[in-house]
Amino acid sequence: FHHERLWSERNARILVERRPRRFHKQVKGIYNEGNGATSARNAGGSMDTDMFLPIVLKLASQHFASQALYAAVRLQLPDIIGEKQLSLDEIAGRLGDKTNKDALRRTLRLLTAVQVVEEMVLPGSKEEQFSLTSLGKCFQRASGANIGMASCILHWMEQPLWNAWLELPQYIMGEGGPCGTNSPFAMANGGISSDFWYNERDQPESLSHANDFVRYIHNQEVAAVVNGLDWTVFRKNVVVDIGGHFGILAAAIAEKGDLPDVICLDLPNVISKAPKRSNVNLVAGDVFDAATIPSCDVIVMKHFLDKCMWNDEETIQILKNCHGALSQAGTLVIAEAVLPSYGDVSDENALPIYMDALYLLVGREGQRTQAEWEILAYQTSFEVKDMKKTHLPSCSLIVLQKV
Ligand SMILES: C[S@@+](CC[C@H](N)C(=O)[O-])C[C@H]1O[C@@H](n2cnc3c(N)ncnc32)[C@H](O)[C@@H]1O
């Protein structure tokens, strides 16, 4: 890592600055000098590839920023800077006597480059000052209000997950055992992520960051489902959340849509432990036992049709049972990740692919593409009415209508 950083800072600058001259020479070589093209290529690569060098450097250094952010969040720099504009000395003073000011300055400058920090020099002063951008304030965790975003950085960037990335080549080459029985995470850390690493006894801090992050995302997902559709149109309808666990989403939908109550269906051993809620009707059932699914007009399923839970055959059976329980013009709302279909990846829809890579690291099944969801709908006599993106890559709203 150290080596890479030196390389990119010093050599990249030199190479990027030289690019126009070499570019010109190669264009000339290729178009006017016959075999000169070969010598130009030997001297410093081909015209086509040199053009991409700045992009390659940026791509190869994306993790520099995430690791700098990890360092900043660990040291609680966003809390230390707060709402103020502070000099390097002031920030260093608040960190401690032994602070390496040079390292601090350079880390803050990298965070300036990714718009987490803002730097300025006041008129008449030589001393640089730093403040947080609105983005930077998202990583303050002292008050507990923003713990979710800080915990994302602390959870994803800490060593066990980081080391898991380094196992990916071997994992791809089949060293994870037959059909990936081991995950890159397990290969790097000697055990699976959930039970082995993230446990209260051995890694309480890692566990607390992981839990804070999951809790935060869960709350955001509930908000995304509730705000992603107009639930008031279902006021006269029966709405069922299948696999609804303790009824948190059902309660939020009932509240948002001003519905008298929403049914939360889950396995008997879950429902028996669920706390009572005034606007939720808790029903014990099993999605594979069609008789236990109440007749209804709307079914919601959030993180229930995940490939980690069911294979395609089971998923089709679930969708068919839902079809049977729904009224004539019934609606099915599936809240899951939707990966872009093959050939359709763009900047706008790529984030779910990154999240899927995280699943890959910890040995979870992949997410479905938009085309795969469409096929499942077709196979079970639904049509896709809408695929609504929310602000969460893990939670698009796939709205199906009975045909
Ligand atoms: C991954 S959790 C999702 C919970 C919730 N929907 C959410 O998004 O947080 C899956 C839920 O499905 C429930 N479940 C598992 N098998 C089921 C079945 N055959 N019928 C109904 N619910 C089931 C589990 O008890 C659990 O509450």
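The protein contains 20 helices and 10 strands. The model is predicted. Of the 403 residues in the protein, 28% are buried. The domain assignment divides the protein into four parts: domain 1 (2-60), domain 2 (63-157), domain 3 (159-197) and domain 4 (214-402). Two open sheets, one of three strands and one of seven, are described below, followed by the surroundings of the ligand.

**Overall organisation**

- The centres of domain 3 and domain 4, taken over C-alpha atoms, are separated by 30 Å.
- Among contacts in the protein between residues at least 6 apart in sequence, those joining residues at least 24 apart account for 59%.

**The three-stranded sheet**

- This open sheet has the strand order β1-β3-β2, and its pairing is antiparallel.
- Its edges are formed by β1 (86-87) and β2 (117-121); each has a single partner strand, so one side of each is left without a neighbour in the sheet.
- Five bridges link β2 to strand β3 (residues 128-132) in the antiparallel sense.
- Within this pairing, V117 lies opposite L132 in β3, and M120 has Q129 in β3 as its bridge partner.
- β2 and β3 form a hairpin with six residues between them. G124, in the turn, has a positive phi of about 80°.

The helix that packs on this sheet is treated together with the edge strand β2.

- β2 (117-121) stands at an edge of the sheet. Helix α8 (residues 101-113) packs on the sheet and touches both β2 and β3. The direction of α8 makes about 110° with that of β2.

**The seven-stranded sheet**

- The second open sheet has the order β6-β5-β4-β7-β8-β10-β9, with mixed pairing.
- Its edge strands are β6 (280-284) and β9 (382-388), each of which pairs on one side only.
- On average, neighbouring strands of this sheet are turned by 20° against each other, direction ignored.
- Helix α16 (residues 248-257) packs on the sheet, where it touches β4 (239-242), β5 (262-266), β6 and β7 (296-302). The direction of α16 makes about 170° with that of β5.
- Helix α18 (residues 312-325) lies across β7, β8, β9 and β10. This helix runs at about 140° to β8.

**Strand β8 and its partners**

- Strand β8 (residues 326-336) and strand β10 (residues 396-402) run antiparallel and are joined by six bridges.
- In that pair, I334 has I398 in β10 as its bridge partner.
- With β7, by contrast, β8 pairs in the parallel sense, over six bridges.
- K302 stands opposite A335 in β8.
- Eight of the 11 residues of β8 are buried, so this strand is largely enclosed by the rest of the structure.

**The ligand shell**

- The ligand is surrounded by 13 residues, of which G243, H245, V287, K302 and H303 are the closest.
- By class, this shell comprises six nonpolar, four polar and three charged residues.
- K302 links two parts of this description: K302 is among the residues closest to the ligand, and K302 also stands opposite A335 in β8.

Note on methods: Residues are numbered from 1 along each chain as its sequence is written. This is a predicted model: local features need pLDDT of at least 70, side-chain atom pairs count only at pLDDT 80 or more; totals for chains, interfaces and linings use all residues. A residue is near a molecule or strand if its C-beta atom, placed from the backbone, lies within 6 Å of it. Ala, Val, Leu, Ile, Met, Phe, Trp, Tyr, Cys and Pro count as nonpolar, Asp, Glu, Lys and Arg as charged, and the others, Gly among them, as polar. Domain bounds come from an automatic or database domain assignment. Two strands pair if DSSP finds at least two bridges between them. Helices (H or I, at least four residues) and strands (E, at least two) are DSSP runs, numbered from the N terminus. Two residues are in contact if their C-beta atoms, placed from the backbone, lie within 7 Å. Axes are lines fitted to C-alpha atoms, for helices over the stretch in contact, and angles run from 0 to 180 degrees between N-to-C directions. A residue is buried if 20 or more other C-beta atoms lie within 10 Å of its own, exposed if 12 or fewer, and partly exposed in between; C-beta atoms are placed from the backbone.
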